[in-house]
Amino acid sequence: MLPILSLIVLIPLIFAALTLLTKTKQQARAMALVATVAVLVLTMYMYFNFDSTIAENQFVEMYQWVPSLGITYHLGVDGIAMPLILLNAIVLPFLILFTWNDERKSPNRFYALILATEGAAIGVFAALDFFLFYIFWELTLIPLFFMVSIWGGPNKHHASIKFFIYTHVASLVMLLGIFGLYFAAWEATGTPSLDIPYLLSQFQFIESGLMKDMIVLALLFGFIVKLPVFPFHSWQPDAYTEAPTAGSVLFVMLKIGGYGIFKIVLPLLPFTASPGLMINILAAVGAISIIYGAFAALAQKDLKRMIAYSSVSHMGYVTLGAAGMVSLSVSGAMFQQFSHGLIMSVMFMASGVINSTAGTRIMNDLGGLAQRMPKLAVIMVLTFMASLGLPGLTGFIAEVSVLAGSFVNLPAYVIIALLAIVITAAYHLWALQRTMFGVFNEKLGTIVDINGYQTLSMGIIAILILYFGLNPSPVLDMMLTNSENIISLMAVMGV
Amino acid sequence: MIPIELYVGLAVIIFTIGLYGFMTQRSGIRMLMSVELMLNSANLNLVAFSSYNADLTGQVFALYSIALAACEAAIGFAILMTIFRMRDTINLDSFNILRW
Amino acid sequence: MAIGDLAFLIPLLPALAFVLTFFLGKKLPNGGAIIPIAAIATSFVISLLITLNLLQNPGEVITQSYSWFAMFNLGILVDPLAAVMLTMVTFVSLLIHIYSVGYMSHDRSQSRYFAETALFTASMLSLILSDNILQLFISWELVGVCSYLLIGFWYQKPAAATAAKKAFLTTRIGDVMFLAGIVILFSDLFKIFNGTIPDGVFIMRFDEIFAHIPELAAMNANILGMEVSHITIITLLFFGGAVGKSGQFPLHVWLPDAMEGPTTVSALIHAATMVTAGVYLVARTFPMFIAAPDTLLVVAYLGAFTAIFAATMGIVMNDLKRVLAYSTISQLGYMMLGLGIGAAIGAEAVGMSIFHLINHAFFKALLFLCAGSVIHAVGTHDMRQLGGVAKVMPITAATMIIAALSLAGFGIPGTIFGTSGFFSKDAIIEGAYLFGESSGMWIPYVLSIVAALLTSIYIFRLIFMTFFGKPRTDYGGHESHASMTIPLSILALLALFFGGLTSRRFNDFVSETFGNNFVNMNIPELAEMGGYHLAAHVGHEPVLILWMPLIVAVAGLLIAYLIYGLKVVNMDNLVSRNNPVYKLLYNRYYQNAIFTDFISVKIIYEGFAFAVRSIDRGFDWVVNWISDVTIETGDSLRQFQTGVIQTYATAVVAGVGLLIVLIKVIMEVI
């Protein structure tokens, strides 16, 4: 059988190297499009052959690598990883199309970095061995660092270094957690292994409760910094804002933090010495992020920075839902990742277009753009509505699942989150009012609407937001299967 | 048979002279010479202990060390020659551009 | 095939019309108005046929459910309550659409207008048809967003964009309460099912919810030391949603501002597609309300208060549309009061309230469309500049007077002679009397009577100032086109005769809502659970009480005629900035200053948001501080690199010495 997962991971990485060799923009973008479309086709094939009724890993590939240390080449996807791979595979071709006519320096490097990020991100989702997982995890950092520091905004150096060091420190803490898990499990079972499913199943045999808590806390720290949620979010607004549009989209495609929580932390959580504490930590950072991000976004003047803070707010739903311990809330949190990826990519594209055509993103300097950019206005209103959680769009499914599911066990946190909903609506609508509606600001000069490629790419993602909002089952069913699996673990442990 | 203590004592004296020279002199050549002194005091120890223990390994080490010292001297002098050509001095105090 | 199988088409056709008009409208004449008109007309025919079918057999309601995701479903439920609402909404919406063809003919964005109104109608229809609370909430939100788009239809005008935002956000406060209610309801049901919901059970469906009312009522929560039943919390939160959508105090502030949209949009919002949603929600979940101690009393009091509160402001407004807006708020207060007095008369209250809702839809749509006709013709909506319009626009004037009579509630008690508004409002006021009699709480009754007087005053003030007397400015104008006047005439007929023709049967029909093959509730038993004592039926009140609404209506007409028709009192003395009462009313009790300027701008934005931004900078500062400290440490440590070889040599010697000492010490210790 075709090693389909390896292909999906390797095609972008190989094409990234090939793209570096191209000379012109035309060659580079064509190369990137070919690679991303190939990934999309393979992913669709995988998706249609995916059995969403079982929680096991599928399309597994496993080869021995370094047997003495227990390192294997082990790939596979389950219902947590599949939607995220799908998300990357869907959005990336349209991201390439979105940048189709842009002028920028060294396009070959630009497209190579996009492909490298895609390959690394999918690698994280597909890896079932901590060795591979960590390699891909760190590999996502590098292209994004260059993306921000080469094509970024005026404050790019500060932002890129802050992003790199901050998240790298978190990765190192996570690595400590991985080491702890590896050695403690080695000690407990007598065999060295970095295999993720194996380690997850052996965690309960570790003797020391303190050790187990430390391992989970270290892993959790690495993941929530990457998400990011309050109070470890401060790299994010800078990085998202300073990155070029494609970079910002890649950032939101990189759902590895939440993925780690669902895939690694939640299965370990019931076996720790103090699961109640962990659940409260997750729920508290979630609920505070939701309301904190909303207020911070309300205070922003820069459109893109506002979007960045809204992302903090949305990510709060991920940890709150994960802490909810009801299959509905956990799958809602997973769906929030998927939904957030779609919504934010269009929002960042919109803000990128506004910045390039109007020359500013300061909302008070804009105004009345809908008169000159009707197509963008339609798409932007739709995605802003999705972002504020309007029913019929993906954001609502995620939010209502998280809120309803979490209320069963965590009513106080949900009430905090509910308070933020009006604020969320307020900053979205106010942003629309200041940018799109009202009197056109004549000082902006000639404003042209989005071109065909941009309309196509943003429009199709917007349609997907609507489609998955009306019919979430294609991705939600597999999430539900997996979250029920996690919850059944909890039930066994009586958490 | 001369007792081992005398060899060690001599080596200590030579080493100390070399160390004193290295720490007080400013001229590159003198410092290089002081380093040679310290090296040779070590060589002396090696040879002395070798003969004391009736084990030739120490003497082989001493030979290596002498060869190394020769190389070091050659490279050192070459560097000092270059420095002298450029700056007309070999006072190493004026060559602190590697600080901080 | 039974007509009921087509029920799903009722919201679907307007939704399809939205898509078609949105993409193709620009290429068609009149912005593609024909598409939504045809779609809504078809929906109306289906609704009407279903209603007629149901009238034959009210026990057999139409239900269809399909699994959506997790334990949620999508489905339709057409029972008597839904059927009458569907028929009314499709009918009024159809007339407004036809009217809009003429009204919007000069607007460049006609196709966008018709697309959005079609979606608006579709959302409202889907809200009415929902068989579960989640779908109802989804449609509820869609209604909200459509109102946002339509109020901000002329988005180039900053005032319109602001009003749209305000409407959305104000109703959103209510929506959050509604959502909180749903969330609590979900978690309670989840616990009742012990976390395992069997396949095929949709826990958000109304029959499922109603079936568990006793368990919900048995759950208690401790809030600030008070034992409160969960069902009370849930219903109060639902009512909070209704307060937002249906413009009850204190979330009514968005409704008057919503006038920034086209007048036809106001008509849609006020009559058919939006504000009635709140009343409908309470009516739909009435079994929960009546089983919840205290909730219905809150509904009754707040409804009565809103009725009089809004009416006082209606008296001083000079803007034609604003008077009507406050009138809507006031009438919605009556509807809520109608539901609240269910505490005394049980399920009949739903019939009464919905009856008033339907009649209100007719006369309020008529009032707005007439106002639109006037505005369209003369180009202003300031009543002080109008006067004598009746001479140039006779049809408009005649129909508007009919609507005013209906709103004020003219009719003869005990007969079938009377305007539609008379029958329904009279019933509610009498219900309030019964409520007072059975519970000893007379405040709602008194408020509703005074509000009726004020209603009559403000609406005839509007009539006299606009249509009679001499023109105050030279406005020109002419009677509107037939596409506008025909809908007016149809609505006028309904505003006159609908109530009289249907009154009793309507009530009986809607009261069947809670006893059929879908849900079969024992309302008196539930009322006992809620601690309410149901009284006898309406219609046995003292004669004075029966005549009272008519007396105040006539009194209001006379007062308005004396002041604004004959001008026996010089209003200029009263209407001045020095009169504190006038000032208070004219400034709308300073709500704008309190809600917009103070709460949202000062507290939320400049207070919380700026505080959070400062805190956020604090976090950023900590991160940067760590990096600065690292750099500074490196800076000071590198001072050791002097570049002087002797220093390094000294350090090496010192280090070796230290090492020797250390080894010595360690050796000794060991």
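UniProt positions are given in the numbering used here, with feature names shortened, and annotations may be inferred rather than shown by experiment. This is a predicted model, in which local features need pLDDT of at least 70, side-chain atom pairs count only at pLDDT 80 or more, and totals for chains, interfaces and linings use all residues. Residues are numbered from 1 along each chain as its sequence is written, and chains are lettered from A and ligands numbered from 1 in the order in which they are written.

Q: What percentage of residues 127–424 of chain A is helix?
A: An unreviewed UniProt entry gives this span as "domain: NADH:quinone oxidoreductase/Mrp antiporter transmembrane". Helices (H or I, at least four residues) and strands (E, at least two) are DSSP runs, numbered from the N terminus. The end C-alpha atoms of the span lie 36 Å apart, strand makes up 0%, and helix makes up 79%.

Q: Are α3(A) and α15(A) roughly parallel or roughly antiparallel to each other?
A: Axes are lines fitted to C-alpha atoms, for helices over the stretch in contact, and angles run from 0 to 180 degrees between N-to-C directions. Angles under 35 degrees count as roughly parallel, over 145 as roughly antiparallel, 65 to 115 as roughly perpendicular and the rest as oblique. The axes of α3 (residues 81–98) and α15 (residues 327–358) of chain A come within 10 Å and cross at roughly 5°. The two helices are therefore roughly parallel.

Q: Which helix supplies the largest share of the side of chain C that touches chain A?
A: Two residues are in contact if their C-beta atoms, placed from the backbone, lie within 7 Å. This contact takes 37 residues from chain C and 37 from chain A. On chain C, α5 (133–151), α6 (158–192) and α27 (591–637) each supply at least two residues. The largest share, 17 residues, comes from α6(C).
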